[in-house]
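Let's take a walk through this one together. Have the model open and follow along as we go.

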Amino acid sequence: MHPVERRRSEEGWVHDLASASGRQRHAIVEAAALDPRDGLALSELVGLQLKDGNFPAARQTVELALAAGANHADTLALTAKYVSTFLGRPDEALSLMQRAFALNPHAPSWYALGEVYVCYYSRRFEAAIEAAPRATAGRSQTFCSVLSLAQLGRDAEMAAARSELYALDPELQIANDFATLAIAPAAKELLHEGMLKAGLLSNAVVLPL
């Protein structure tokens, strides 16, 4: 069983993840159709559009989500990562993330995961490392911590974090997941650079630049 599937099963998620994903997709599409001004639904829709390779629609939906959720913390926190990576506007994404925390000072841990992404892709590696312990524990935040530590040359800490990553994901599927993301050229280059420094590039990981 894949590490993510095992963790979700242990946490009480359904075993049929394909069926659950299908229901989630239907719920997101329906929510966005019922209220096109729902920024949170639009933010979720972006993820589906990117998975489907519908990049023009995703770009439009990101902008719609930002307009609809300008004063909605959850929408800003969820959308900031797309602004940073997909649209290639890391400084704007950082401002969006900061506004999300200002609007919701008691934000849940998933905000911090978005902060980790945004800080890494804006080259604020120290900030990404500081945000990681506040994020929901898992492969994504550990992976970004490894890259950030590698970028700063903190090799001993990076090696420890990399060991933790392999414990969570022995086949390092997370590296392939990140490598296949639809992100802007500058973000892709920064991802490649971090993975190279961290020793996470392999024949299984292809990063067209």
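We'll start with the overall fold, then look at one helix, and finish with the cores.

Keep in mind that this is a predicted model. The chain's secondary structure is twelve helices and zero strands. Of its 209 residues, 44% count as buried. Take the contacts with a separation of 6 or more: 56% of them join residues 24 or more positions apart. On the outside, the chain exposes about 10700 Å², with carbon and sulfur atoms supplying 54% of that.

Now find helix H5, residues 73-85. Its 13 residues reach 19 Å from the first C-alpha to the last, close to the 18 Å expected at 1.5 Å a residue. Follow H5 along and you'll hit a bend of about 30 degrees at Thr79. How covered is H5? Mostly: eleven of its 13 residues are buried, including Leu76, Thr79, Tyr82 and Val83. And what do the buried residues of H5 pack against? The partners are helix H3 (39-51), helix H4 (55-68), helix H6 (90-103), H7 and helix H12 (185-197).

On to the cores. The largest nonpolar core has 53 residues, and Tyr121, Phe143, Leu147, Phe178, Leu191 and Leu200 are those with the most contacts inside it. Helix H7 (residues 109-121) gives this core its largest share, nine residues. Phe143 is a good place to zoom in: neighbours within four places in sequence aside, Phe143 is in contact with Leu165, Ile174, Ala175, Phe178, Leu191, Met195 and Leu200. There is also a second, separate core of five residues, among them Ala32, Ala41, Leu45 and Leu48.

Key
Residues numbered from 1 in each chain as written. Predicted model: local features only at pLDDT ≥ 70, side-chain atom pairs only at ≥ 80, totals over all residues. Heavy atoms only, no water. Core = buried A, V, L, I, M, F, W, Y, C linked by side-chain atoms within 4.5 Å. Buried < 20%, exposed > 50% of the residue type's maximum accessible area, 1.4 Å probe, protein only. Helix = DSSP H or I, 4+ residues; strand = E, 2+ residues; numbered from the N terminus. Contact = heavy atoms within 4.5 Å. Expected span 1.5 Å × (residues − 1). Bend = angle between axes of the 7 residues up to and from the residue. Areas by Shrake-Rupley, 256 points an atom, 1.4 Å probe, with all protein chains shown as cover.
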